[in-house]
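Visitor: Please take me closely through a single part of this model, the interface, and then set that part in its context.

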Amino acid sequence: MEMNNMNMSSQQDSAKSPSGLKILWRELVRDKLALVSLILLILIIVFVYGVSFIMDEKEIVKVDLFAIHEPPSEEFILGTDYGGRDVFGQLIIGTRNSLSIGFIVTLLSGMIGITFGLIAGFFGGHIDNVLMRILDFFQVLPFIMLVIVFVSIVPNYTILAFSLIFTAFSWMGIARLIRSKALQEKELDYVQASRTLGTSNFKIIFREVMPNISSLIIVTLTLNLASNIGLESGLSFLGFGFPESTPSLGTLLSYATNPQTLEHRWWIWVPAAVMILVLMLAVRNVGEALRRATDARQRRG
Amino acid sequence: MAILEVEDLKIYFPIKAGIFNRTVDHIKAVDGVSFAIEEGKTYGLVGESGSGKTTTGRGIIGLEHITAGSVKFNGKDITNKKKKTKAISRDIQMIFQDPYSSLNPRKRVRDIIAEPLRNYENLTKQEEKKRVQELLELVGLSPESILKYPHEFSGGQRQRIGIARAIALKPKLIIADEPVSALDVSVQAQVLNFMQDIQKELGLTYLFISHDLGIVKHMCDDIAIMYKGRYVEQGTKEEIFNHPQHIYTKRLVSAIPDIDPSNREKLFQFRQEVQEEYDESYNEYFDSEGLAYSLKPISETHLVALPEKG
């Protein structure tokens with residue numbers, strides 16, 4: 001009996017509910033650019049995480065004075081930098097770090113922003129007012145400066161610490177967006193009905209309202225991911241990101257500030273630049289396709 | 001004893017203006033409404049759009065803030081939301097006007113109907129499923145449809161799901177806010193008859209909010225006519241339909257369509273007479289702001305908003 005039920009519900013699942021997923025898939029197939037982006041993205045992610053798993057980070061960041069500025073060769077696929085370190089290894093581990101930071105920041109800031117926005121929008125009135133003023137406060141803080149101060153104070157920071165400090169300053173946009181949607185949603189009859197049926201506010205917020213704005217949430221998070229991937233590179237480029245002992249795309253890029261490197265040693269900075277460009281564009285293309293899929297008027301498929 | 005007593009209910013919405021968002025005035029959506037419903041009866045609340053009938057219903061169930069007045073359920077004061085015990089909120093349920101927006105589009109029928117059960121009763125998965133299937137059968141839907149989503153149903157079927165949800169806890173009072181106005185006429189009759197059936201079966205009391213006099217005549221024992229937040233006339237069905245006293249009620253009653261074509265001329269003339277009377281005596285029946293006067297009893301059950309004479 002139980003088995004039977006399970007079967008039935010899973011059948012129903014595949015037949016009915018993923019109409020949303022199906023629309024998405026159609027949109028992706030129709031938009032070739034997004035499809036290629038998605039495949040490329042998956043390939044890069046799998047490759048980067050797979051290869052970095054078998055790589056020895058210590059070995060890569062070890063300075064080797066006999067192999068300074070080597071051009072691409074059999075031994076070093078992408079040559080070496082001014083410390084004789086393998087650029088290819090740095091590229092892979094740097095990409096992994098950027099991706100990890102992007103994912104963690106997106107997820108954490110998403111969680112905080114969604115909760116904050118839903119609560120502010122759902123309750124409205126004074127609660128909304130107080131919460132939005134707190135949000136305004138966070139928004140006027142000079143983000144880059146605070147991160148730089150943090151980075152100079154904390155001597156040895158990790159990917160997680162880096163992500164947390166970014167999260168603290170990047171949840172406001174999502175919160176605003178979700179709030180505005182929650183304000184609309186809470187006026188609908190099904191929310192009122194849940195109230196008269198004795199459902200607690202907490203349950204209404206997360207079980208009734210949130211599923212109904214899930215498409216907006218998915219799209220926003222995807223588009224945010226694109227910008228969050230570039231966060232770390234930007235700071236490392238300025239010299240406030242990871243130290244040189246931690247490979248980073250931004251560090252590789254910053255070598256290009258040396259005119260000699262910029263002109264004659266392209267293998268140090270071009271791969272990193274291309275990687276950042278490709279990653280951000282790919283995520284954005286997928287995100288745009290998702291966004292179109294959620295709006296029937298903009299759909300292509 | 002009356003199951004629901006409403007005393008001088010006032011629901012005002014503030015109008016905010018200026019830089020400091022101060023309250024400059026109020027919209028008096030409901031302005032001094034009193035009534036009582038006997039157990040097992042159907043009480044009809046009739047009025048044009050914006051007359052405050054829906055707000056009255058939502059105020060009683062606690063969806064609007066009550067500015068003044070009191071609401072008593074079985075003798076217990078439930079005006080303040082905090083005073084409302086779980087048992088009382090369980091006994092008052094609501095059927096919503098719009099069957100399209102009142103069901104969460106992301107939930108299956110099973111979860112929609114089981115929502116009140118999960119909040120008030122501790123049932124096992126199997127018991128809950130059985131109850132949901134029983135309820136679906138009761139409202140005339142196939143028990144197999146528990147795994148469907150609301151969008152797979154027609155308007156009438158959706159409204160039945162809404163009704164099933166409202167009666168799931170076997171409440172004593174159901175506030176039906178224009179339960180059929182979004183449905184087409186053939187389905188209206190189905191849903192209304194069904195509501196009467198379950199009323200007999202479960203001993204329900206209805207507060208029936210509608211703007212359709214024909215439906216009210218069909219459903220209700222007592223009727224109140226509302227206009228601009230105030231009562232215009234209140235009485236039994238016979239009194240309102242056969243001896244309307246207030247000019248506004250007369251006009252409403254005369255507007256009920258008659259399907260017999262041989263009456264067409266007569267009815268047309270009658271309506272014209274009523275319209276003339278309405279135009280002539282408008283100032284007599286409404287005060288300077290166009291609001292109804294307070295109610296004066298003209299018989300034991302019949303109350304009419306007539307101006308003070310002399």
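Guide: In what follows, a helix is a DSSP run of H or I with at least four residues, a strand is a run of E with at least two, and both are numbered from the N terminus. The model is a predicted one.

With those terms, the stretch of chain A from residue 95 to residue 287 is 82% helix and 0% strand, and its end C-alpha atoms lie 20 Å apart. An unreviewed UniProt entry annotates these residues as "domain: ABC transmembrane type-1". For chain B, the unreviewed UniProt annotation "domain: ABC transporter" spans residues 4-253. That span is 37% helix and 29% strand, with 27 Å between its end C-alpha atoms.

The contact itself draws 25 residues from chain A and 26 residues from chain B. Interface size is often expressed as the accessible area that is lost when the parts come together. Between chain A and chain B, about 2200 Å² is buried, and carbon and sulfur atoms account for 48% of this area. On the chain A side, Asp189(A), Thr196(A) and Leu197(A) provide 31% of the area buried against chain B, which exceeds the share of any other three residues.

Turning to specific interactions, one salt bridge is counted between the two chains. Its partners are Glu208(A) and Lys107(B), whose closest N and O atoms are 2.5 Å apart. In addition, 11 residue pairs are found in polar contact across the interface, both members having pLDDT 80 or more. On the side of chain A that touches chain B, the elements giving two or more residues are helix 1 (2-15), helix 10 (189-196) and helix 11 (201-212) of chain A. Helix 10 of chain A makes the largest contribution to this side, with seven residues. By residue type, the chain A side comprises six nonpolar, 11 polar and eight charged residues.

For context on the partner, chain B contains an open sheet of four strands in the order 2-1-4-5, with antiparallel pairing. Its edges are strand 2 (22-38) and strand 5 (76-77) of chain B, each of which pairs on one side only. Strand 5 of chain B runs antiparallel to strand 4 (residues 68-73) of chain B, and two bridges join them. Across this pairing, Phe73(B) stands opposite Lys76(B) of strand 5 of chain B.

Methods
Residues numbered from 1 in each chain as written. Chains lettered and ligands numbered in written order. Predicted model: local features only at pLDDT ≥ 70, side-chain atom pairs only at ≥ 80, totals over all residues. Heavy atoms only, no water. UniProt positions renumbered as here; feature names shortened; annotations may be inferred. Contact = heavy atoms within 4.5 Å. Buried area = accessible area lost by both parts, 1.4 Å probe. Salt bridge = Lys/Arg side-chain N within 4 Å of Asp/Glu carboxyl O. Polar contact = N/O pair within 3.5 Å; in protein donor to acceptor, adjacent residues only side chain to side chain. Nonpolar A, V, L, I, M, F, W, Y, C, P; charged D, E, K, R; others polar. Pairing = 2+ DSSP bridges.
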